[in-house]
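Here is a short set of exercises to work through with the model open beside you. Try each task yourself before reading the solution.

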Amino acid sequence: MDTREQAEVTKIESDDISSVEIKVLLFARARELTGVPDLTLKMPSGSTTKKCMDELVIKFPRLEEVRGCVVLALNEEYTTDSAIVQHRDELAIIPPISGG
C-alpha cells in the first residue's frame, strides 16, 4: 500500500471515529411535517440532542413549527436537549398530541 492509499484509509477510519450515526424517530406532527417516520442522522461525535434537532430543522425547515414544544426521548427515556448522543442511539421527536 502506497502512502496515498494509507492516507485514504486513515481518513476513512478517522471519519468513522469522529462521527456517530443515530436513528431518529418522528411522531405525530413531526412525522407529518417531514413526510418520514424515521431516518438515520450522521452527527459529529459529542453532539447533543439539541444539535441533532438543529440539524433536523436544517434538513426539514417545516419542523421549526413544533421545535419549541417537542419532547425528546433518547433510547426510550425522556431526555434534555443537552444530552450527548452516542453511535447507534435512538432519538425520538415527540410533539404534543391532542385528542379526546
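**Exercise 1. Which residue in S4 stands opposite Leu72?**

Before starting, note that this is a predicted model, in which local features need pLDDT of at least 70, side-chain atom pairs count only at pLDDT 80 or more, and totals for chains, interfaces and linings use all residues. Residues are numbered from 1 along each chain as its sequence is written, and side-chain values use heavy atoms, with hydrogens and water left out.

Step 1. Find the two strands: S3 covers residues 71–74, and S4 covers 77–79. Strands here are DSSP runs of E with at least two residues, while helices are runs of H or I with at least four, both numbered from the N terminus.

Step 2. Check the pairing, which requires at least two DSSP bridges between the strands. S3 and S4 have 3 bridges and are antiparallel.

Step 3. Read off the partner: Thr79 in S4 faces Leu72.

**Exercise 2. Work out the strand order of the sheet and place a helix on it.**

Step 1. List the elements. The chain has 4 helices and 5 strands, arranged as α-β-α-β-α-α-β-β-β from the N terminus.

Step 2. Order the strands. They form an open sheet, S2-S1-S5-S3-S4, with mixed pairing. At the edges, pairing on one side only, are S2 (38–44) and S4. From one strand to the next, the twist averages 35°.

Step 3. Look at the other neighbour of S3. S3 and S5 are antiparallel and joined by 4 bridges; in S5, Leu91 is the bridge partner of Leu74.

Step 4. Add helix H3 (residues 49–59), which lies across S1 (19–26), S2, S3, S4 and S5 (90–94), at about 120° to S2. Such angles run from 0 to 180 degrees between N-to-C directions, with axes fitted to C-alpha atoms, for helices over the stretch in contact.

**Exercise 3. Examine the loop between S3 and S4.**

Step 1. Count the residues between the strands of this hairpin: there are 2.

Step 2. Check the backbone. Asn75, in this loop, has a positive phi near 55° without being a glycine. Glu76, also placed between S3 and S4, is another non-glycine residue with a positive phi, of about 70°.

Step 3. Classify exposure (buried is under 20% relative accessible area, exposed over 50%, partly exposed in between, with a 1.4 Å probe and protein chains only). Asn75 is partly exposed at 38%, whereas Glu76 is exposed at 72%.

**Exercise 4. How many disulfides does a search of the whole structure find?**

Step 1. Apply the criterion, a pair of cysteine sulfur atoms within 2.5 Å. The search returns 0 disulfides.

Step 2. Compare the surroundings of two cysteines. Cys52 is buried, at 0% relative accessible area, while Cys69 is partly exposed, at 39%.

**Exercise 5. Summarise the chain as a whole.**

Step 1. Start with burial: 31% of the 100 residues count as buried.

Step 2. Turn to the surface. About 6,500 Å² is exposed, and carbon and sulfur atoms supply 52% of that area, computed by the Shrake-Rupley method with a 1.4 Å probe.

Step 3. Finish with contacts, meaning heavy atoms within 4.5 Å. Of those between residues at least 6 apart in sequence, 53% join residues at least 24 apart.
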